[in-house]
Structure formats: structure tokens, C-alpha cells
Amino acid sequence: MSAGRGSYQNLQPLRIPSGWTVVFNNFEDIDPEAVSRSDEDTWLFTFNEDILYIRSEASQKQNKQLEQQTLGIDLGWYPDGDPDGSFTLYAILNNDWVNPLLEFSSRSKDDIVHTLEKWLFVEFMPRHFINEEIFRKNHRVSKS
């Protein structure tokens with residue numbers, strides 16, 4: 001039996017530390033530079049906005065109240081299905097998609113994997129409650 005589109009054997013290997021939940025993973029081990037512009041199926045079904053989404057939750061007690069926080073990391077291809085597009089990674093705190101904590105775009109699958117793993121193991125490790133104001137100040141990310 002050969003591996004077909006969508007097979008687990010086509011997935012990009014990733015190192016994800018404990019504490020993260022993989023919500024969906026369609027991140028295939030395919031370099032966009034190696035895909036023919038005329039390969040419509042690959043562009044439409046592999047290079048789309050819903051490639052990977054992982055999340056982690058943290059909580060802390062503040063003034064006798066339990067505060068909860070969700071951190072999501074989203075990977076998509078923008079514009080969806082466009083051979084001239086690129087991968088974009090977003091780190092999203094508490095579903096605030098308008099103001100991502102971090103954002104990175106590249107056409108290089110290897111750069112995306114490196115950045116994703118750096119975020120997981122350096123920027124957000126160990127996973128704890130994030131003070132958004134301090135994080136943005138340290139990363140020079142302004143909130144719109």
C-alpha cells in the first residue's frame with residue numbers, strides 16, 4: 001500500500017514539548033519551491049490557511065481569582081492556495097487574532113519549522129502565564 005495525500009507518512013516531523021495540544025495538523029513535508037505551479041491539487045489542499053494549530057493553557061491565582069489563559073500557535077499559507085504566497089505563523093493569546101503576540105512569514109518550510117520549534121522551546125518554555133505587556137515590550141510587539 002503506497003502513501004497517498006493526507007497520509008501520516010507525508011506529515012512534517014515536529015518537536016512539540018509536553019503541555020501542548022495539537023488541534024489539527026495538516027503540515028506536510030513538502031517544499032513549496034518543489035511544487036509545480038500547475039499542480040492545482042497540491043496548492044489547493046496542502047498550501048491553505050488551515051495547516052497547523054496547537055494550543056496550551058495556563059492559569060494563575062490573582063487576588064483570590066483564578067485567571068486562565070490560552071496560547072495558540074497557528075500556521076497557514078496566505079493567500080490560500082496561491083503559488084506566490086507564503087507560510088505565516090501566528091502566536092495568539094486568548095483568541096486575540098487582531099493582535100498576535102508573534103508573527104513570522106516565510107516561503108521556506110525549514111525556516112517555519114525552525115521558528116515554530118524556537119517559539120515552543122525558547123519563547124514559551126516553560127509554558128506559564130504570560131504577562132502580555134511585558135512580553136510585548138520584550139519582543140517589541142505593539143498591540144493595535
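# Exercises: helices, strands and salt bridges

Glu132 and Arg136 stand four residues apart in helix α3 (residues 132–139), so about one helical turn separates them. The model is predicted: local features need pLDDT of at least 70, side-chain atom pairs count only at pLDDT 80 or more, and totals for chains, interfaces and linings use all residues. Residues are numbered from 1 along each chain as its sequence is written, and side-chain values use heavy atoms, leaving out hydrogens and water.

**Exercise 1. State how many helices and strands the protein chain has, and give their order.**

Step 1. Helices (H or I, at least four residues) and strands (E, at least two) are DSSP runs, numbered from the N terminus.
Step 2. The protein chain has three helices and five strands.
Step 3. Starting at the N terminus, the elements follow the order β-α-β-β-β-β-α-α.
Step 4. The C-alpha trace spans about 60 × 35 × 20 Å along its principal axes.

**Exercise 2. Compare the span of α2 with the expected one, and find what its buried residues pack against.**

Step 1. The expected span of a helix is 1.5 Å times one less than its number of residues.
Step 2. With 15 residues, α2 reaches 20 Å from its first C-alpha to its last, close to the expected 21 Å.
Step 3. Buried means under 20% relative accessible area, exposed over 50%, and partly exposed in between (1.4 Å probe, protein chains only). The buried residues of α2 include Ile112, Leu116, Glu117 and Trp119.
Step 4. These buried residues of α2 pack against β2 (52–62), β3, β4 and β5 (102–106), where a contact means heavy atoms within 4.5 Å.
Step 5. In the whole protein chain of 144 residues, 40% count as buried.

**Exercise 3. Which parts of the chain does the salt bridge of Glu117 and Arg15 tie together?**

Step 1. A salt bridge is a side-chain nitrogen of Lys or Arg within 4 Å of a carboxyl oxygen of Asp or Glu. By this rule there are seven salt bridges.
Step 2. Glu117 and Arg15 meet through their side chains in one of them, at 2.7 Å from N to O.
Step 3. Glu117 lies in helix α2 and Arg15 in the segment before β1 (21–25), so the pair ties together parts 102 residues apart in sequence.
Step 4. Glu117 counts as buried, at 10% relative accessibility, whereas Arg15 is exposed at 56%.

**Exercise 4. Describe the salt bridge of Arg37 and Asp84.**

Step 1. The side chains of Arg37 and Asp84 meet at 3.0 Å, N to O.
Step 2. Arg37 is in the loop between β1 and α1 (40–45), and Asp84 is in the loop between β3 (65–78) and β4 (86–93); the pair links distant parts of the chain, 47 residues apart.
Step 3. Arg37 and Asp84 are both exposed.

**Exercise 5. Is Arg136, the partner of Glu132, buried or exposed?**

Step 1. In the salt bridge of Glu132 with Arg136, the closest N and O atoms are 3.0 Å apart.
Step 2. Glu132 is partly exposed, with a relative accessible area of 24%.
Step 3. Arg136 is buried, with a relative accessible area of 6%.
Step 4. Elsewhere, Asp29, Lys109 and Asp110 are joined into one network by salt bridges that share partners.
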